[in-house]
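Visitor: Please take me through this model and give the reason behind each label you use.
Guide: Look at it here, then ask.

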Amino acid sequence: MLDLQPSDRRPGPPGPNGGGGGDELIRTYKGWKGNNVFFCGGRLVFGPDARSILITIFLITAPVVVFCVFVGHKFFDDFPHHRGVSILAVAVGLNVLDLIFLLLTSGRDPGIIPRNLYPPEPEGNESNGEPRLAHTPQSRLPRTKDMVVNGITVKIKYCDTCMLYRPPRASHCSICNNCVEKFDHHCPWLGQCIGLRNYRFYFMFVLCSALLCIYVHVFCWIYVKRIMDGEKINIWKSLIKTPASIALILYTFICVWFVGGLTGFHLYLMSTNQSTYENFRYRYDRHENPFNKGIVGNFMEVFCTSVAVSQNSFRAKVSKEPAIPPRTVNGGMSSPSLQKVSNDIEMGRKPVWHETVDEELGDMDKDLESSVTSRDLSRMLPPEETEGRGIMHSRESSRGRRGGSWEFSSRVNEDLRSREESLSKRVGEDSSVSSENDASRDLHVEISDAAATCRSRTGTGIGRL
């Protein structure tokens with residue numbers, strides 16, 4: 001499904017390696033960065049857990065089939081002119097209507113906010129008009145901003161994934177990996193986020209499910225009562241004669257508590273103009289809700305307004321984003337700041353961009369310092385004929401230590417102290433030195449040379465031992 005069609009490709013200019021220049025045109029849904037699943041060429045948009053819809057359909061349809069086969073058709077003879085068929089028709093109609101609302105809820109864009117290609121410019125920061133890369137912003141953006149809604153200040157948050165400031169009442173769904181307008185929750189039974197564009201259909205789906213459970217539950221008891229009156233037996237013997245009714249009564253009794261309670265909860269949320277996320281997170285009952293329009297106005301906002309137009313055109317053709325090539329380090333391929341990111345992931349925190357830049361600059365300084373040091377040390381290495389003498393086996397080294405051959409190290413220390421004292425006297429007596437800083441620098445250079453010479457002598461002496 002995600003393979004490019006020949007009509008979707010447009011060859012671009014050759015790149016430096018002879019390949020395309022990244023001007024290929026693909027459908028938007030084929031390059032979608034969220035976790036959504038698309039069907040019918042991008043016309044149907046599902047969440048990543050779309051397979052759960054099949055389980056939901058089975059849980060709705062199977063009880064209705066059992067009801068029609070074992071209970072519903074028993075009422076055909078109870079009404080004249082075959083009006084008992086209406087009992088089956090209502091059950092099937094509620095089932096079909098419930099499935100339609102299910103597909104309208106789970107198979108459409110819930111209100112996904114398109115991602116930005118680049119992070120927004122910080123306020124008060126002058127830009128040269130060139131886009132910035134996502135991982136190298138010029139300055140750190142504030143995490144929140146204040147926005148006035150109906151005279152009340154509301155904080156909006158910055159989303160690092162979508163690189164935008166989320167509108168009021170929007171939130172980022174970690175399952176679908178999208179920012180959704182008026183985010184309510186992610187429903188695992190429908191495999192989709194519930195947001196601005198599908199909330200009304202979600203409520204109608206829950207309401208129809210509750211009505212269907214009540215309908216089947218009531219008519220199962222009516223059928224049991226019919227058996228009791230027809231055969232003049234008690235309720236327990238009547239239940240034994242219709243095991244299908246027992247199963248449906250238990251099943252619908254359990255389900256009605258779930259979908260019925262959910263229906264009542266969302267009626268309360270709609271009457272107060274809240275979402276499930278806001279109710280559990282912000283608790284508007286403790287302070288004023290800036291979105292509350294009154295009970296009538298809140299219900300009209302949900303049911304009597306047109307469905308918001310989707311901000312995404314999943315079938316539109318867009319240019320395929322070129323992949324950022326990794327850089328070469330010591331003959332191998334490595335992405336920028338790979339070591340820093342891996343360390344941060346292991347430590348359980350996200351890397352910050354300025355820390356990454358600082359560490360890269362620090363690594364460059366260390367490389368430069370090591371190169372300068374290596375050039376200086378190359379002038380202080382002992383001659384080739386003395387290098388080989390400093391190499392000895394561990395057995396000889398341990399034998400020399402046991403034999404008490406550390407007298408040479410004491411002579412080295414005395415030599416260092418004597419040279420340091422002589423150099424200090426020379427610096428104090430030298431009047432041609434322009435400043436004290438220059439003298440101290442010469443002192444450090446001489447001490448470094450003396451230390452290197454002593455180290456070479458130490459290696460030579462131990463080798464002879």
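**Labels and the values behind them**

Guide: Helix α3 has 33 residues and reaches 49 Å from its first C-alpha to its last, close to the 48 Å expected at 1.5 Å a residue. The model is predicted.

Visitor: How do you know what span to expect of α3?
Guide: The expected span is 1.5 Å times one less than the number of residues. For the 33 residues of α3 that is 48 Å, and the helix reaches 49 Å, so the two are close.

Visitor: What are the values for α1?
Guide: Helix α1 covers residues 52-70, which is 19 residues. From first C-alpha to last, α1 reaches 28 Å, close to an expected 27 Å.

Visitor: Which residues of α1 are buried, and what do they pack against?
Guide: The buried residues are S52, I53, T56, I60, P63, V64, F67 and C68. They pack against β3 (44-46), α2 (85-106), α3 (199-231) and α5 (243-272).

Visitor: Why is L54 called buried or exposed?
Guide: Exposed requires over 50% relative accessible area. L54, a residue of helix α1, has 62% relative accessibility, so L54 counts as exposed. The C-alpha atoms of L54 and L190 are separated by 9.0 Å, with their positions 136 residues apart along the chain.

Visitor: What makes T28 buried?
Guide: The cut-off for buried is under 20%. T28 has a relative accessible area of 16%, and therefore T28 is buried. T28 is in the loop between β1 (25-27) and β2 (37-39). Apart from neighbours within four places in sequence, T28 is in contact with S313, F314, A316 and V318.

Visitor: And why is N234 called partly exposed?
Guide: Partly exposed is the range between the 20% and 50% cut-offs. The relative accessible area of N234 is 39%, so N234 belongs there. N234 lies in the loop between α3 and α4 (235-241). V224 is ten residues from N234 along the chain, and their C-alpha atoms are separated by 9.9 Å.

Visitor: How do α2 and α3 pack, and what is their relative direction called?
Guide: Their angle is about 155 degrees, and their axes are 8 Å apart. Angles over 145 degrees count as roughly antiparallel, so α2 is roughly antiparallel to α3. The crossing of α2 past α3 is left-handed.

Visitor: Which residues make the contact between α2 and α3, and how do they divide by type?
Guide: From α2 the contact includes I87, V90, L94, D98 and F101. From α3 it includes F201, F205, C208, L212 and F219. The contact residues divide into 17 nonpolar, four polar and one charged.

Visitor: Why point out a positive phi?
Guide: Because most residues other than glycine have a negative phi.

Visitor: Where are N177, K182 and K232, and what phi does each have?
Guide: N177 is in the loop between β7 (171-173) and β8 (178-180), and its phi is near 60 degrees. K182 is in the loop between β8 and β9 (185-187), with a positive phi of about 45 degrees. K232 comes just after α3 and takes a positive phi of about 55 degrees.

Visitor: How many helices and strands are in the chain, and what part of the chain is buried?
Guide: The chain has 13 helices and 13 strands. Of its 465 residues, 32% are buried.

Key
Residues numbered from 1 in each chain as written. Predicted model: local features only at pLDDT ≥ 70, side-chain atom pairs only at ≥ 80, totals over all residues. Heavy atoms only, no water. Helix = DSSP H or I, 4+ residues; strand = E, 2+ residues; numbered from the N terminus. Buried < 20%, exposed > 50% of the residue type's maximum accessible area, 1.4 Å probe, protein only. Contact = heavy atoms within 4.5 Å. Axes fitted to C-alpha atoms, helices over the stretch in contact; angles between N-to-C directions. Parallel < 35°, antiparallel > 145°, perpendicular 65-115°, else oblique. Left-handed = near helix turned anticlockwise from the far one by under 90°. Nonpolar A, V, L, I, M, F, W, Y, C, P; charged D, E, K, R; others polar.
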